[in-house]
Amino acid sequence: MSTSPYPSPEIITFGESMGLLTAKDTRGLEYAATLDKSFGGAESNLAIGVSRLGHTSGWFGRLGNDPIGSMILKAIRGEGVDVSRVRLSDHEPTGLMIRENASGKASVHYYRKLSAASAITPDDLDPDYIAGAKILHVTGITAAISPSGLATVEAAIHIAKQAGVKVSFDPNLRLKLWSADEARPVLLRLAELADYFLPGLDEMKLLYNEDNDQKVLERLSAMKAVCIVKGGPDLTYVLVDGTLTEVPYFKADYVLDTVGAGDGFCAGFLSGLLKGYSPQEATRLGNLTGSMVIQAVGDWEALPTWGQVEAKLNNVAHVER
């Protein structure tokens with residue numbers, strides 16, 4: 001039962017947000033004297049991106065009732081995202097990831113086993129909250145972190161479908177959480193339930209066990225969902241009712257950090273749908289937001305505002321003073 005008198009946000013998502021420590025020392029984590037503190041999570045990144053693009057969004061999940069969890073909760077709330085359904089746990093900690101770049105090789109070390117987020121269950125869902133949204137966005141990460149995480153994703157999708165809420169699904173295949181063979185039946189089953197399926201081309205090659213791009217696209221074209229396939233040759237593929245459209249990338253002036261690009265794309269795409277754009281037009285917006293994210297450092301810090309997007313689309317020059 002709903003616990004708030006206010007209407008639901010337009011887009012609702014949920015999953016694990018983790019504390020993020022980054023070693024700037026190019027020799028790697030072992031020799032780093034200091035670590036920069038932030039946080040990250042595919043779903044909370046998307047919620048922040050949607051909020052910055054001028055739409056209402058809600059993110060929830062389980063965080064530890066600890067300093068890292070408190071930092072994450074306050075920061076997401078500060079970005080205008082509704083966090084009223086977040087639950088704090090006194091029994092499990094907030095997950096943590098540590099990033100390093102040693103001798104030019106980027107690595108991420110995860111400390112998420114038995115985290116608060118992995119203990120999420122369908123009881124953590126507010127059916128009225130989900131039913132009042134326009135779009136529910138879920139990812140394969142939540143399905144992978146624990147059996148109860150998968151059950152929660154399935155329950156949330158069922159609530160959304162029953163209420164006529166559109167379901168967006170990004171498989172976000174993480175091979176550190178499960179193997180391709182373990183993920184394949186689960187992610188493909190969830191994809192069949194989605195209205196918008198947002199995979200990467202490389203992910204689908206693994207899930208379909210198929211190296212040929214054309215054969216991958218042919219299989220996707222048989223799906224009921226609108227399929228937006230990231231990672232083509234300088235383009236994104238859009239499949240609607242079996243019809244393929246290619247939407248070119250926006251070329252980035254420079255690339256500083258590719259982390260969060262996919263979440264930035266998804267935020268732009270879903271925001272485009274809320275603005276009434278066609279899937280192709282929404283994909284163009286997603287391509288732009290994704291290209292803007294990779295030109296700055298951070299999981300979510302570089303997500304653009306709608307004003308910045310409009311300036312880019314209108315080719316408005318930056319005035320320093």
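**Exercise 1.** Is Lys205 buried, partly exposed or exposed, judged by its relative accessibility?

*Solution.* The model is predicted, and in it Lys205 has a relative accessibility of 21%. Since buried means under 20% and exposed over 50%, Lys205 counts as partly exposed. The partner to consider next is Asp213, whose side chain meets that of Lys205 in a salt bridge with an N to O distance of 2.8 Å. Asp213 is itself partly exposed, with a relative accessible area of 27%.

**Exercise 2.** Determine which parts of the chain are tied together by the salt bridge between Arg85 and Asp126.

*Solution.* Begin with the contact itself, in which the closest N and O atoms of Arg85 and Asp126 are 2.8 Å apart. Arg85 belongs to the loop between α2 (67-78) and β6 (87-89), while Asp126 belongs to the loop between β8 (105-111) and α3 (127-131), so the pair ties together parts that are 41 residues apart in sequence. Turning to accessibility, Arg85 counts as buried at 9%, and Asp126 counts as buried at 7%.

**Exercise 3.** Locate the two residues of the salt bridge between Lys230 and Asp170, and describe their burial.

*Solution.* The closest N and O atoms of Lys230 and Asp170 are 3.2 Å apart. This pair links distant parts of the chain, with Lys230 in the loop between β12 (226-229) and β13 (235-240) and Asp170 in strand β10 (residues 166-170), 60 residues apart. Relative accessibility is 15% for Lys230, which counts as buried, and 3% for Asp170, which also counts as buried.

Notes
Residues are numbered from 1 along each chain as its sequence is written. This is a predicted model: local features need pLDDT of at least 70, side-chain atom pairs count only at pLDDT 80 or more; totals for chains, interfaces and linings use all residues. Side-chain values use heavy atoms; hydrogens and water are left out. A salt bridge is a side-chain nitrogen of Lys or Arg within 4 Å of a carboxyl oxygen of Asp or Glu. Helices (H or I, at least four residues) and strands (E, at least two) are DSSP runs, numbered from the N terminus. Buried means under 20% relative accessible area, exposed over 50%, partly exposed in between (1.4 Å probe, protein chains only).
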